[in-house]
Amino acid sequence: MSDLSHYRNIGIFAHVDAGKTTTTERILKLTGKIHKTGEVHEGEATTDFMDQERERGITIQSAATSCEWDGHRLNIIDTPGHVDFTIEVYRSLKVLDGGVGVFCGSGGVEPQSETNWRYANESEVARIIFVNKLDRLGADFYRVVDQVENVLGANPLVMVLPIGTEDDFVGVVDLLSRKAYVWDDTGLPENYEVKDVPEEMADAVEEWREKLIETAVEQDDDLMEQYLEGNEPSVDDIKKCIRKGTIALDFFPTYCGSAFKNKGIQLVLNAVVDYLPSPTEVPPQPEVDLEGNETGEVATVDPDRPLRALAFKIMDDRFGALCFTRIYSGKIEKGMTVLNTATGKNERIGRIVEMHADSREELTSAKAGDIVALIGMKHTQTGHTLCDPNNPATLEPMVFPDPVISIAIAPKDKGASEKLGVALSKMIAEDPSFRVETDEESGETIMKGMGELHLDIKIDILKRTHGVEVEVGKPQVAYRETITQRIEDSYTHKKQTGGSGQFAKIDYTIEPAEGAGYEFESKVTGGNVPREFWPAVDKGFKMSMEEGVLAGFPCVDMKVTLMDGGFHPVDSSAIAYEIAAKAAYRQSIPKAGPQLMEPIMKVDVFTPDDHVGDVIGDLNRRRGMIKSQEAGPTGVRVKADAPLSEMFGYIGDLRTMTSGRGQFSMEFSHYSSCPANVAEQVIKETKERKEAKK
């Protein structure tokens with residue numbers, strides 16, 4: 001298909017368990033891409049093809065597939081909902097033009113829905129909303145619409161109304177056409193009848209239809225005037241207005257149904273075609289230089305322009321590394337050479353494949369607007385730009401959060417360490433939020449990730465996919481250190497041992513700088529410290545911050561100002577100033593009120609009514625700060641901030657307290673100062689651990 005206006009690159013995202021993967025399965029069945037629908041709870045879903053996904057019934061990595069509907073080509077990415085894998089959602093949204101936000105009819109706007117919605121806002125992705133699971137106990141479409149407004153601060157444009165709820169949910173009324181779509185009990189998506197609106201719903205339909213048209217015509221002044229004069233615009237004109245407002249993110253067309261029971265999916269597919277943008281209708285990607293500053297140029301979606309493509313995901317499978325790529329402009333052909341601007345190296349494209357979950361179709365070429373997987377890319381990582389070697393440019397790169405939890409691992413079989421190294425390097429390429437380091441003192445391999453589940457899955461992948469059994473140490477929290485007082489100090493580095501010596505004198509201030517990470521400034525005038533040595537002072541302090549003075553954790557949020565100093569015309573050198581800065585750091589930080597900082601997590605707990613007291617009491621014992629409580633139809637949501645160090649193994653305790661009915665999600669919020677007694681304990685344990693390793 002060559003007409004780009006018939007392309008839709010969309011992602012399906014939501015909170016864990018809202019039914020994204022089930023919705024994707026129904027779309028694939030309806031569009032004729034698959035003939036038998038697989039169920040998530042039976043471990044048969046097409047896009048959940050990892051063993052770990054099938055067993056746990058959750059999506060871990062985003063899966064890409066494509067299908068056709070009403071003459072349009074849909075490239076679909078099914079993303080994970082679990083908070084430990086938000087990186088997958090973030091990088092998928094980055095390359096998509098539109099999205100379908102799925103919300104559970106009874107759970108409503110859940111914590112992960114908020115995070116994903118925020119990511120979609122940041123990426124400026126147009127969305128439609130699908131309120132799923134209306135056949136479930138406690139489902140309430142109008143309450144979810146209300147939550148979208150109040151919790152997400154979004155503007156839902158209600159396009160359909162449900163007919164019946166819970167067990168009596170049979171279909172939906174399309175407000176624009178005033179027609180009722182009613183499905184029978186066979187569970188087959190094609191078994192529906194189009195009827196007149198049920199009498200008892202006539203008033204509600206007119207009321208919501210009026211709201212819909214009033215909101216839509218605000219996009220066009222002429223239609224607005226006609227409407228105010230009493231002339232209702234045609235359905236086609238209203239649709240044009242809805243499309244314009246959806247692409248401008250002014251509102252989000254909202255649908256409802258039950259993916260599991262196959263009710264309401266056709267209308268969502270029609271909405272994707274009618275209201276979500278084609279690749280040419282979204283703002284073009286800005287191009288940046290090597291320092292990350294915008295150049296003013298953009299990658300316009302046009303097959304005849306120079307090549308601009310973004311690698312957004314690396315996946316290792318039995319055929320080698322697949323590099324998922326979104327092509328923004330130009331075209332890619334099998335065997336051609338492209339430039340990777342991040343590495344500065346040319347890469348040859350071995351094969352181009354169109355993915356359908358874990359099966360594939362070979363292509364000879366792909367062009368602007370396509371999402372394909374490339375095989376044979378040796379040096380490409382997530383976020384790298386591939387471009388025309390004769391016309392280089394870099395697209396805005398992706399930014400990934402730092403890990404908050406680490407564990408030490410060692411292969412059970414001593415001979416497997418080489419195999420472990422190969423497996424870990426493949427896993428790092430696939431997942432940018434997963435890091436691996438070697439502890440220089442002990443030689444231990446340290447795995448770092450976004451949460452317990454994240455690392456748990458990684459260990460499982462090592463074992464099954466790569467055949468490496470490992471022993472796992474206790475989880476370690478990624479603490480930080482900072483300072484609390486401003487200090488003025490001076491340091492002189494002198495070394496005289498025959499021949500030319502070393503000399504560097506620096507007068508400096510060190511002060512707290514909240515949220516800055518690290519800042520350096522020089523106020524030296526008159527050449528007491530020559531300008532060419534300032535970067536050496538900066539480098540010395542910056543390198544020293546990798547290790548704090550309390551327990552060796554990285555030091556953050558500090559500003560160093562070079563005030564004055566001295567130099568020797570023969571003995572002063574960059575290395576002398578760097579050594580002086582490192583010694584100055586060790587001399588001054590202990591005097592600047594050093595303090596330990598711990599990661600605080602945003603915790604969102606769902607509990608049945610009769611266990612609220614236990615849950616809150618337990619969170620208080622874990623040094624949690626309760627932020628809010630919200631009563632819902634099936635239980636209470638408690639939001640709190642709690643230190644990560646107190647939350648290990650929380651899921652087991654929560655299940656015990658709530659007889660297995662409680663759920664929670666947790667994501668990193670911020671760093672906060674550690675209470676003195678906790679800090680003392682952490683410092684003591686860290687020192688003991690270091691001693692033991694020696």
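**Questions about a predicted model**

Biologist: Let's begin at one residue pair: which residue in strand 18 stands opposite Thr-337?

Modeller: Thr-337 stands opposite Arg-348 in strand 18. Please keep in mind that this is a predicted model.

Biologist: What makes strand 17 and strand 18 count as a pair?

Modeller: At least two DSSP bridges are needed for strands to pair. Strand 17 (residues 337-340) and strand 18 (residues 345-348) have four, in the antiparallel sense. The cut-off is met, so they count as paired. Four residues lie between the strands of this hairpin, and Gly-344 takes a positive phi near 75 degrees there.

Biologist: How do you know that strand 13 and strand 24 are edge strands?

Modeller: They belong to an open sheet of three strands with the order 13-12-24 and antiparallel pairing. Strand 13 (294-299) and strand 24 (394-395) each pair on one side only, which is what you find at an edge. Strand 12 (residues 285-288) is joined to strand 24 by two bridges, and Val-288 has Thr-394 as its bridge partner in strand 24.

Biologist: Now strand 11: why is it called largely enclosed?

Modeller: Buried means under 20% relative accessible area. Five of the five residues of strand 11 (residues 252-256) are buried, so the rest of the structure largely encloses this strand. Both of its faces are covered: Phe-252, Thr-254 and Cys-256 are buried on one side, Pro-253 and Tyr-255 on the other.

Biologist: Which strands are joined to strand 11 by bridges?

Modeller: Strand 5 (residues 126-132) runs parallel to strand 11 and is joined to it by three bridges; Val-131 has Cys-256 as its bridge partner. Strand 6 (residues 156-158) also runs parallel to strand 11, again with three bridges, and Pro-156 stands opposite Phe-252.

Biologist: What does Tyr-255 touch, if we set aside residues up to four places away in sequence?

Modeller: Its contacts include Ile-129, Phe-130 and Val-131, along with Phe-141, Met-159 and Val-160. Leu-267, Val-268, Ala-271 and Tyr-275 are touched by Tyr-255 as well. Tyr-255 is also among the residues with the most contacts inside the largest nonpolar core, together with Val-100, Met-159 and Ile-242. That core has 74 residues, and its largest share, eight residues, comes from helix 9 (residues 265-275). Apart from it lies another core, of 46 residues, among them Met-601, Val-603, Val-612 and Ala-679.

Biologist: Is Val-148 buried or exposed, and how do you know?

Modeller: The cut-off for buried is under 20% relative accessible area. Val-148 has 1%, so it is buried. This residue is found in helix 5 (residues 141-150). Leaving aside neighbours within four places in sequence, Val-148 is in contact with Phe-103, Val-109, Ile-129, Gly-153, Ala-154 and Pro-156. Val-148 and Ile-129 are 19 residues apart in sequence, with 9.4 Å between their C-alpha atoms.

Biologist: And Thr-607: buried or exposed?

Modeller: Thr-607 has 0% relative accessibility, so by the cut-off of under 20% it counts as buried. Thr-607 lies in strand 35 (residues 594-607). Among its contacts beyond four places in sequence are Val-612, Val-615 and Thr-658.

Biologist: Why are helix 10 and helix 11 described as oblique?

Modeller: Their axes cross at roughly 130 degrees. Roughly perpendicular covers 65 to 115 degrees and roughly antiparallel starts over 145. The angle fits neither class, and helix 10 and helix 11 are therefore oblique to each other. The axes of helix 10 (residues 417-430) and helix 11 (residues 452-464) come within 11 Å, and the crossing is right-handed. Leu-420, Ala-423, Leu-424 and Met-427 in helix 10 meet Lys-458, Ile-461 and Leu-462 in helix 11.

Biologist: What is the angle between helix 14 and helix 15, and what is that orientation called?

Modeller: Helix 14 (residues 612-621) and helix 15 (residues 650-657) pack at about 150 degrees, with their axes 10 Å apart. That angle is over 145, so helix 14 is roughly antiparallel to helix 15. Their crossing is right-handed. Asp-614, Val-615, Asp-618 and Leu-619 in helix 14 meet Tyr-650, Leu-654 and Met-657 in helix 15.

Note on methods. Residues numbered from 1 in each chain as written. Predicted model: local features only at pLDDT ≥ 70, side-chain atom pairs only at ≥ 80, totals over all residues. Heavy atoms only, no water. Core = buried A, V, L, I, M, F, W, Y, C linked by side-chain atoms within 4.5 Å. Buried < 20%, exposed > 50% of the residue type's maximum accessible area, 1.4 Å probe, protein only. Contact = heavy atoms within 4.5 Å. Axes fitted to C-alpha atoms, helices over the stretch in contact; angles between N-to-C directions. Parallel < 35°, antiparallel > 145°, perpendicular 65-115°, else oblique. Left-handed = near helix turned anticlockwise from the far one by under 90°.
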